Amino acid sequence: MKITKYLHTLTFCFLFSSALLASPIQDIYTTSVPVANRSTQTLNQALPKALGVVLIKLSGNPGIITLPSIQPALTQASKLVQSYSFQQSPAKTTTDQPLVLQVSFDKEGVRNLLQNNHQAIWSLS
């Protein structure tokens, strides 16, 4: 009886881990930030925040956005934007903002930024 239960548990773990490995990895160069509206001013304020989120995800360093060598890139985040869109915020969020700005940053540009500033880049492999 114990062996059967063990085999069932082992089979479940194998199937569960296979499903996790088969699921696509979210693009780490894309993020969403809550915004109040679609204005240019709001976009210009949100892009540095979005780039900061991506830099933290890639480097694993929550303090990266405070580094003096990174600050200029944050103020010029638009130069690294590959695409962006405004979307309705999902119904169940922790913010009161009705919109989110979804931003995809240029992979090579962001990686160069980190490498040129001697910051680690987490690997997904």
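**Reading contacts, burial and pairing**

Student: Which residues does Asn117 touch, not counting residues up to four places away in sequence?

Tutor: Contact here means heavy atoms within 4.5 Å. With residues up to four places away in sequence left out, Asn117 touches Ser69 and Ile70. This is a predicted model, in which local features need pLDDT of at least 70 and side-chain atom pairs count only at pLDDT 80 or more, while totals for chains, interfaces and linings use all residues. Residues are numbered from 1 along each chain as its sequence is written, and side-chain values use heavy atoms, with hydrogens and water left out.

Student: Is Asn117 buried or exposed, and what joins its side chain to that of Ser69?

Tutor: A residue is called buried under 20% relative accessible area, exposed over 50%, and partly exposed in between, using a 1.4 Å probe and protein chains only. Asn117 is buried because its relative accessible area is 18%. A polar contact is a pair of N or O atoms within 3.5 Å; within protein, one must be able to donate a hydrogen and the other to accept it, and residues adjacent in sequence count only if both atoms are side-chain atoms. The side chains of Asn117 and Ser69 are joined by such a contact, at 3.2 Å. As for its place in the chain, Asn117 lies in the segment after α4.

Student: How many helices and strands does the chain have?

Tutor: Helices (H or I, at least four residues) and strands (E, at least two) are DSSP runs, numbered from the N terminus. The chain has four helices and three strands, and reading along the sequence gives the pattern α-β-α-α-β-β-α. Buried residues make up 30% of its 125 residues. Of the contacts in the chain with a separation of 6 or more, 65% come from residues 24 or more positions apart.

Student: How do the strands pair, and in what order do they stand in the sheet?

Tutor: Strands of a sheet pair through backbone hydrogen bonds, either parallel or antiparallel. Two strands count as paired if DSSP finds at least two bridges between them. Here three strands form an open sheet in the order β1-β3-β2, with antiparallel pairing. The edge strands are β1 and β2, each of which pairs on one side only, and the twist from one strand to the next averages 20°. Six bridges join β1 to β3, and within β3, Val100 stands opposite Pro34 while Val103 stands opposite Thr31. Between β2 and β3 there are seven bridges, and Gln88 stands opposite Leu99 in β3. Strand β3 is largely enclosed by the rest of the structure, because six of its seven residues are buried.

Student: What span should α2 have, and how far apart are its end C-alpha atoms?

Tutor: The expected span of a helix is 1.5 Å times one less than its number of residues. For the 20 residues of α2 that gives 28 Å, and its end C-alpha atoms are 29 Å apart, which agrees. The bend at a residue is the angle between axes fitted to the seven residues ending there and the seven starting there. At Ala46, α2 bends by about 25°, and a proline, Pro48, follows within four residues. Beyond the helix comes Gly60, whose phi is positive, near 75°.

Student: Where does α2 lie relative to the strands, and what covers its buried residues?

Tutor: Axes are lines fitted to C-alpha atoms, for helices over the stretch in contact, and angles run from 0 to 180 degrees between N-to-C directions. Helix α2 lies across β1, β2 and β3, and runs at about 140° to β1. The cover over its buried residues includes β1, α3, β2, β3 and α4.

Student: Are Ser59, Gly52 and Asn44 buried or exposed?

Tutor: Ser59, in α2, counts as buried because its relative accessibility is 7%. Its side chain reaches the backbone oxygen of Leu55 at 2.8 Å, and, with residues up to four places away in sequence not counted, Ser59 touches Ile64, Leu114, Ala120 and Trp122. Gly52, another residue that lies in helix α2, also counts as buried, at 5% relative accessibility. Leaving aside neighbours within four places in sequence, Gly52 is in contact with Ile65 and Leu74. Asn44 is likewise found in α2, but at 48% relative accessibility it counts as partly exposed. The C-alpha atoms of Asn44 and Ser78 are separated by 7.8 Å, although the two residues are 34 residues apart along the chain.
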